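Please open the model in your viewer and keep the selection tool at hand. The stops below go from one side chain to its partners, and then on to the nonpolar interior.

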Amino acid sequence: MSNTWNITPSQLDKKQNNGEKMYIVDLRRDSDYRTGHIKGAINVYVDDEDLIIPEFLVKMIYRHMNKSMVILYCENGITSMRCVAKLRKQGLTVYNLYGGITEYKLLFNDI
């Protein structure tokens with residue numbers, strides 16, 4: 001999988017601090033989202049077993065991808081990377097947060 005599909009937590013933080021438009025999607029369970037998430041993220045659970053991406057999420061990404069950077073993340077970056085690969089095959093421009101929220105929390109305590 002291409003590294004150009006990844007964004008690091010530091011890159012994400014820099015883009016947020018610069019006021020860049022982003023559409024951030026947390027793919028974890030609602031209970032995990034409620035314990036802490038990246039500022040501005042919405043929660044849409046995607047099961048890492050069957051990797052069924054809800055149609056409404058695809059439509060939301062389609063609507064946002066030309067005016068915002070669309071970033072997906074999960075706990076450790078694996079499920080989100082698989083979703084990014086699947087969505088890119090459909091022609092959508094989306095990015096994976098490298099290392100997921102685990103890596104993000106190591107660098108930033110603002111969750």
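Select Arg 28, which is buried, with a relative accessible area of 6% (buried means under 20% relative accessible area, exposed over 50%, partly exposed in between, with a 1.4 Å probe and protein chains only). This is a predicted model, in which local features need pLDDT of at least 70 and side-chain atom pairs count only at pLDDT 80 or more, while totals for chains, interfaces and linings use all residues. Residues are numbered from 1 along each chain as its sequence is written, and side-chain values use heavy atoms, with hydrogens and water left out.

Add Asp 26, which is buried too and whose side chain meets that of Arg 28 in a salt bridge at 2.7 Å, N to O (a side-chain nitrogen of Lys or Arg within 4 Å of a carboxyl oxygen of Asp or Glu). Next select Glu 75, partly exposed at 34%, which forms a salt bridge with Arg 28 at 3.5 Å, N to O. Because Arg 28 and Glu 75 lie in two loops, the pair ties together parts that are 47 residues apart in sequence.

For the interior, select Leu 57, Ile 61, Leu 72 and Leu 87, the residues with the most contacts inside the largest nonpolar core, which has 22 residues (a set of buried Ala, Val, Leu, Ile, Met, Phe, Trp, Tyr and Cys residues joined through side-chain atoms within 4.5 Å). Finally, show a second, separate core of 14 residues, including Leu 12 and Phe 108.

Key:
Helix = DSSP H or I, 4+ residues; strand = E, 2+ residues; numbered from the N terminus.
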